[in-house]
Amino acid sequence: MTAMPKFTRRSFLISSAAVGGGLALGLRLPPFGPAVVRAADGSPEITVWVVIRPDNSTVVRAVRAEMGQGTITGLAQLVAEELDCDWSKVSVEYPTPGESVARKRAWGEFSTGGSRGIRQSNEYVRKGGAAARMMLVQAAANEWKVPASECTASASVITHKASGRKTTYGKVAEAAARLEQPKDVPLKDPKTWKIAGKPLKRLDTAKKVNGTMIYGMDLQMPGMLCAAIKDCPVFGGKVKSFDAARVSGMRGVKKVVQVGDSGVAVIADTWWQAKTALEALPIVWDEGANAKISSADIAEVLKAGLDAEQAFVGNQAGDAKTALAGAAKKIEAVYSYPFQNHACMEPMNATVRWTPERCEMWGPTQNGEGAFAQVLAASGLAPDKVDVHNVMLGGGFGRRGTYPDDYVGQAVLIAKQMPGTPIKMIWSREEDMAHGKYHPVMQCKLVGGLDASGNLTGLHMRLSGQSILASVRPEVVQAQKGRDPLTFQGVFESGEHAFGYTVPNLMIDHAMRNTHVPPGFWRGVNVNQNAVFIESFMDELAEAAGQDPLEFRRKLMANHPRNLGVLNAVADKIGWSKPAPAGVYRGLAQMKAFDSFVAAACEISVKDGNKVKVHRIVAATDPGYAVNPAQIERQVAGSFVYGLSALFFQECTVKDGRIEQTNFHQYNSMRIAQMPKVETILMPTGGTVWGGIGEPTICVAAPAVLNAFAKATGRRIRSVPLKNHGIELV
Amino acid sequence: MARLTINGKSHEVDVDPTTPLLWVIREQVGLTGTKYGCGVAQCGACTVHVNGLPMRSCQVPVSAVGDAKITTIEGLASGKTLHKVQKAWIEHDVPQCGYCQSGMIMAVAALLKTKPNPTDADIDASITNICRCGTFQQVRAAIHAAAKAA
């Protein structure tokens, strides 16, 4: 790989911004004649995923959002693999949701959450690449009047071996684009991959080291104004009144507007002016019914759920109640997990221009189609008059998915009040902390029963707390008769989040206790707390049984070979069977999440009983297939930064109905000095199901460290974050 | 009216003197590589060099800059030749989302000026930028590589 493939998002975006209308955004549909769809530069589209330029370069289409996880590089590798194109001439371009809608959702789902970017679309994007290769080869064969089966393709060059003739994709692209797309499109055996599966460099690095990568925050358009916004700090509250006259004379201020029934925004020449005026603006809130709620109140409600009669069942075997009643030894523990903010480095923002004829949004979103729907709803316009242009996300972690009452809708409501003017709305960090879609709050009571030989005969895991789907996708909860299946991630009866142990008498249930604080999908989602609960408790049970935590787990994992595989891998590499160095203590954890199997083992030392140094973490992942091992390694290592920041530092507390933490000084994040050495074991075992990468590993970070901490100090910590226990990360 | 020297170019800006340097760089000068992350000097995404020293520009009022020479991420390279830190960043494929990386790179470039061969302890003490993606493992490797580069 000598040349760095050109990444075209910015030129795509800026030209879109400059042109600003209709299908000139990126695609030209043919008015008549042969159905060749052309990219903005006139190059023919071979399949919806592949454009070949006359210079023999390849443009791969991607609709999943890039937020650092490397998905566009991985998806491009999969397309390029099947296309057999020259990787050094690959760039990526983003069709818009509006274009997709106009073409009957030609690009499928845009949503980029649940670690689905690659695993869910791999088959159809690979087929898009393979079909394009077949068409290009067929076009060359037609020109040479030879059977396509006698021609081969490699690195964007087609060869007819018998005659020695060669041509390029660039030369036959026009003819290929006119061919019928084949229906039977066989895919390569992943064992033969040459581009996919390799640790290739990302496609988007160059612009990230010289300041030229454009994030939503950075958009500039002719005539653009900026808006700063404040929503009622109490969730569910409303605007009562505001005194616009007090700030309308301030420098740069253009307009003060109400946004929906709960927000107020100042529009000014610059964002700094808008923010300064907003801070000076007197606003009276109607804080509503939630104005007195505190974290203690919420904790009380959840606590009551731990012993409530009614609960939704997520996993069941045998008769847990009877088994626990008859157990030789009964162990019980209560755990809790707090609200947490995603704290993306780039605060929420969106740029919108609205006219009665057209409304467009430019901004970071993990779900282009979801944002499209929100623009549609807020704009009051028809689907063919609306579009969304995604830009590079300065972090996503689930925060930039589609939620009710969020930043995209706000930006449209602001822009509607200044028709024709593009308005960039930016949240301050303080607004971002105050209006997150928080990691759900949860408590958990675990009761385990051991027989006389220390075997686990019964287990009851009672969750009590918030449902994300009840707030975000109520129709799913309704279809399940009130149950939120997502609550059981990692401990569920089956599927992508199946429980990794076999317990003869098992009950895992959920007393749903929703709060007024809006929940969201926080990287890893519900596996995070479920792993803390079950994997800490497994160590508690092992201790009560007088057994090694690894051996204790192994006895329950005979039916879970892939869970066991990753667990054994980390145990071997950390040296579990040998004593740890003096003063060093080990812990481990495992989970199935997002169809990947993950495990972690760590080595820590503790000074003065509360200063934790994490020396080393071994992490194993079995995602079935690995598309880019180098990016996987980075996602896994980064997962410990995200997961251990959450474990040690992060909690959003509620007082007077609002979130108390306002910025990173109260909501800390790990720095380089605290970063442990992470050794990644990537062990894909194939099969029919592809697992995710971006999220699974987060959940094993915390319990592995909690288990090591208990070994080191004898203290079993059962609530997050550790700062509340006086424990520091050094 | 203030006159600023940014990346060797003189800019006249008409702003309230209390405006943070960060926002003048982004909104008046139009250089958006320097990022807003927190506004309270916690995250370091806004790090620029002021007379060669790393500063969190969200906490520097433009009135305090005077005739100091400011370098932003856009001015770190010498023409088309990337700074050795930028080269190492590409070689080690450091950025994930990349949003914090301008500040991270500026902080590292400043560190290498005072400590051309930093130890891990030096890195731990001086590089305190927040990266939510968690690129630290690559950041550390790239710093050592940049230090070794000519």
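Why does A:Asn341 count as buried? That is where I will start. One caution before the answer: this is a predicted model.

A:Asn341 counts as buried because 23 C-beta neighbours lie inside 10 Å, and the cut-off for that label is 20 or more. The residue sits in a loop of chain A, between strand 16 (329-337) and strand 17 (349-354). If we set aside neighbours within four places in sequence, A:Asn341 is in contact with A:Met433, A:Gly436, A:Tyr438, A:Cys652 and A:Tyr667. A:Asp387 is not among that group's close company: 46 residues separate A:Asp387 from A:Asn341 in sequence, and their C-alpha atoms are 29 Å apart in space.

Next, the nonpolar cores. In soluble globular proteins, nonpolar side chains tend to be buried together. Here the largest nonpolar core has 278 residues, and those with the most contacts inside it are A:Leu136, A:Val266, A:Val570, A:Ala600 and A:Val705. The element that gives the most to this core is helix 18 of chain A, residues 698-713, with eleven residues. A second core, separate from that one, has five residues, including A:Phe312, A:Val477, A:Ala511 and A:Met512.

What does A:Val705 touch, not counting residues up to four places away in sequence? The list is A:Gly587, A:Cys602, A:Ile604, A:Val614, A:Leu644 and A:Leu647.

Now to helix 16 of chain A, residues 561-574. This helix has 14 residues and reaches 20 Å from its first C-alpha to its last, close to the 20 Å expected at 1.5 Å a residue. Its buried residues are A:Asn563, A:Val566, A:Leu567, A:Ala569, A:Val570, A:Ala571 and A:Ile574. A:Val570 you have already heard, as one of the residues with the most contacts inside the largest core. Covering the buried residues of helix 16 are, among others, helix 15 (549-554), strand 24 (585-593), strand 25 (596-607), strand 26 (611-622) and strand 29 (677-682), also in chain A. After the helix comes A:Gly575, with a positive phi near 85°.

Last, chain B. B:Ile123 is in helix 4 of that chain, residues 120-126. Is B:Ile123 buried or exposed? B:Ile123 counts as buried, because 20 C-beta neighbours lie inside 10 Å. The cut-off is 20 or more. Leaving out neighbours within four places in sequence, B:Ile123 is in contact with B:Pro118, B:Arg140 and B:Ile143, and also with A:Ile672. For B:Arg140, the distance along the chain is 17 residues, while the C-alpha atoms of B:Ile123 and B:Arg140 are separated by 7.6 Å.

Note on methods:
Residues are numbered from 1 along each chain as its sequence is written. Chains are lettered from A and ligands numbered from 1 in the order in which they are written. This is a predicted model: local features need pLDDT of at least 70, side-chain atom pairs count only at pLDDT 80 or more; totals for chains, interfaces and linings use all residues. A nonpolar core is a set of buried Ala, Val, Leu, Ile, Met, Phe, Trp, Tyr and Cys residues joined through C-beta atoms within 7 Å. A residue is buried if 20 or more other C-beta atoms lie within 10 Å of its own, exposed if 12 or fewer, and partly exposed in between; C-beta atoms are placed from the backbone. Helices (H or I, at least four residues) and strands (E, at least two) are DSSP runs, numbered from the N terminus. Two residues are in contact if their C-beta atoms, placed from the backbone, lie within 7 Å. The expected span of a helix is 1.5 Å times one less than its number of residues.
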